[in-house]
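Biologist: I would like to go through a model feature by feature. Please give me the general idea each time, and then the case at hand.

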Amino acid sequence: MCGFFVCVDFDQLPDDVPVSANIADIEEKKGFTNYYMFVIEVKLKGGGRYLIFRRYRQFYALHTKLEEKYGAESKTSPFTCTLPILPGKVYVGAKREIAENRIPILNVYMKNLLCLPVWVLMDEEVRLFFYHSTFDCEQVPHRLRRLRPRTRRIKSISPQGPFFDRTAAPRAEALFDFSGSNKLELSFKKGDLIYLLSRVNKDWLEGTAGDATGIFPCAFVKIIKDLPQREDAVNKVRCYYYDETVSTIRDIAVEEDLCTVPSLKDLTELMRREFSQDDLVLNYRDLDGDLIRLLSDQDVELMVSQSRRRPSEKHFFPWKLHITHKDDLSVYNTSPGIGAT
């Protein structure tokens with residue numbers, strides 16, 4: 001069996017193989033003792049997506065079995081690989097706080113797990129963990145707050161009038177009840193028909209139901225007729241990462257307008273997730289080519305302002321980030337003009 005998985009190409013894998021998984025929220029469950037489950041949006045190779053609900057102990061059980069099969073010390077399989085690191089069990093602290101703190105680490109764990117060789121992706125334990133089970137189908141998600149788009153803007157129009165063709169309009173059917181948390185979000189009931197106006201990002205849509213217009217998570221609906229395809233709205237931030245004597249370049253995709261001025265907090269959290277490092281600091285090169293550390297939102301605004309004087313590629317933000325470690329001050333010992341980008 002393993003010999004087949006070693007030689008198989010990723011393109012030959014079935015469409016129901018998961019390619020990405022992200023925690024959309026945590027939800028408290030009341031059993032013999034209260035506990036929290038991670039609500040995970042799984043995206044498949046064939047383009048499908050669904051929600052699964054998993055406890056931390058299920059992550060732990062999966063990791064233990066994979067270590068036995070494919071870890072460096074494994075004696076049961078001729079194939080081994082470097083498995084991602086799973087955060088250990090925590091026995092002290094508030095359960096909700098523990099679950100919240102695990103979200104970014106578990107997201108990194110799943111991301112690295114799904115990048116392992118195809119014979120790991122096709123392993124029965126991995127397939128079962130990401131499988132959309134009967135239990136998952138019976139669960140009703142509540143908020144999916146971590147998929148909430150950053151943008152606060154919505155359209156104020158809705159399809160109406162005698163010439164509106166409802167049979168040709170992009171539309172979806174609600175799979176669950178959804179209660180909007182504010183006037184920007186569209187509330188609806190299971191079974192409601194929602195007419196689609198736009199795609200806010202990969203996780204949220206904008207639509208109208210009855211006389212109300214608002215945004216809502218894609219995972220709450222089943223698309224009947226999709227919106228027409230548009231030009232890719234994903235833009236990229238070019239990042240230069242410095243680690244001792246090694247320098248690497250990474251282009252990070254974000255669904256934001258090229259004119260967006262992000263906050264320092266959002267930028268820092270994004271980079272920590274992407275590089276799986278907590279001691280990172282962000283920098284940019286000023287007009288003289290010197291590396292300048294970003295310490296506030298005002299610094300970010302200055303970086304964006306200065307970048308407008310430089311040419312940039314299509315779908316790339318004109319400003320670029322230089323990622324260093326907090327205690328590494330050697331990177332600032334540069335002469336004007338060196339390394340300017």
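Modeller: We will take the sheets, then the salt bridges, then the cavities. Keep in mind that this is a predicted model.

Biologist: Let us begin with sheets. What order do the strands of the five-stranded open sheet have?

Modeller: Strands of a sheet pair through backbone hydrogen bonds, and the pairing is either parallel or antiparallel. Here the five strands of the open sheet follow the order β7-β6-β5-β4-β8, and the pairing is antiparallel. The edge strands are β7, residues 212–217, and β8, residues 221–225, each of which pairs on one side only. From one strand to the next, the twist averages 40°.

Biologist: How many bridges does β4 form with β5, and how many with β8?

Modeller: Strand β4 covers residues 171–174 and strand β5 covers residues 193–199; three bridges join them in the antiparallel sense. With β8, strand β4 pairs over four bridges, again antiparallel.

Biologist: Which residues should I look at to see the register?

Modeller: On the β5 side, Ala172 has Ile194 as its bridge partner, and Glu173 has Leu193. On the β8 side, Ala174 stands opposite Val221. When you follow the side chains, recall that in a regular strand they alternate between the two faces of the sheet.

Biologist: What is the order of the three-stranded open sheet, and which of its strands stand at the edges?

Modeller: That sheet has the order β1-β2-β3, with antiparallel pairing. Strands β1 and β3 stand at the edges with a single partner strand each, so one side of each has no neighbour in the sheet. Neighbouring strands of the three-stranded sheet are turned by 25° against each other on average, direction ignored.

Biologist: How many bridges join β1 to β2?

Modeller: Eleven bridges join these antiparallel strands. One pair to display is Asp25 with its bridge partner Val39 in β2.

Biologist: Is there a helix residue I can use to relate a helix to the N-terminal part of the chain?

Modeller: Take Ala99, which lies in helix α3, residues 95–113. The C-alpha atoms of Ala99 and Glu28 are 9.9 Å apart, although 71 residues separate the two along the chain. Ala99 has a relative accessible area of 4%, so it counts as buried.

Biologist: Now the charged side chains. How many salt bridges does a search of the whole structure find?

Modeller: Side chains of opposite charge can pair when their charged atoms come close. The search finds 13 salt bridges in the whole structure. One of them joins Arg49 and Glu41 at 3.0 Å, N to O.

Biologist: Are Arg49 and Glu41 buried or partly exposed?

Modeller: The two ends of this pair fall in separate classes when the cut-off for buried is under 20% relative accessible area. Arg49 has 33% relative accessibility and therefore counts as partly exposed. Glu41 has a relative accessible area of 3%, so it is buried.

Biologist: Which salt bridges link distant parts of the chain?

Modeller: Two examples will do. Lys45 and Asp15 meet at 3.5 Å, N to O. Lys45 sits in the loop between β2 and β3, Asp15 in the loop between α1 and β1, and they are 30 residues apart. Lys45 is partly exposed, because its relative accessibility is 24%. In the second example, Lys65 forms a salt bridge with Glu125, with the closest N and O atoms 3.5 Å apart. Lys65 belongs to helix α2 and Glu125 to helix α5, 60 residues apart. Lys65 has 37% relative accessibility and so counts as partly exposed.

Biologist: Which residues are linked in a network of salt bridges?

Modeller: Lys111, Arg250 and Glu274 form such a network.

Biologist: Last, the cavities. How many of 30 Å³ or more does the structure hold?

Modeller: Rolling a probe the size of a water molecule over the atoms shows where empty space is left. The structure holds two cavities of 30 Å³ or more, and the largest has a volume of about 90 Å³.

Biologist: What lines the largest cavity?

Modeller: Eleven residues line the largest cavity, and those nearest its centre are Tyr284, Arg285, Arg310, Trp319 and Lys320. The elements giving two or more residues to this lining are β11, residues 280–285, and α8, residues 297–307. Helix α8 gives the most, with three residues. By class, the lining has four nonpolar, four polar and three charged residues.

Key: Residues are numbered from 1 along each chain as its sequence is written. This is a predicted model: local features need pLDDT of at least 70, side-chain atom pairs count only at pLDDT 80 or more; totals for chains, interfaces and linings use all residues. Side-chain values use heavy atoms; hydrogens and water are left out. On a 1 Å grid over the protein atoms alone, a cavity is a set of points where a 1.4 Å probe fits but cannot get out, and a pocket is an open set with protein on both sides within 12 Å along at least five of seven lines; lining residues have an atom within 4 Å of a point. Grid points are joined across faces, edges and corners, and a volume is the space filled by probe spheres set on the points. Ala, Val, Leu, Ile, Met, Phe, Trp, Tyr, Cys and Pro count as nonpolar, Asp, Glu, Lys and Arg as charged, and the others, Gly among them, as polar. Two strands pair if DSSP finds at least two bridges between them. Axes are lines fitted to C-alpha atoms, for helices over the stretch in contact, and angles run from 0 to 180 degrees between N-to-C directions. A salt bridge is a side-chain nitrogen of Lys or Arg within 4 Å of a carboxyl oxygen of Asp or Glu. Buried means under 20% relative accessible area, exposed over 50%, partly exposed in between (1.4 Å probe, protein chains only).
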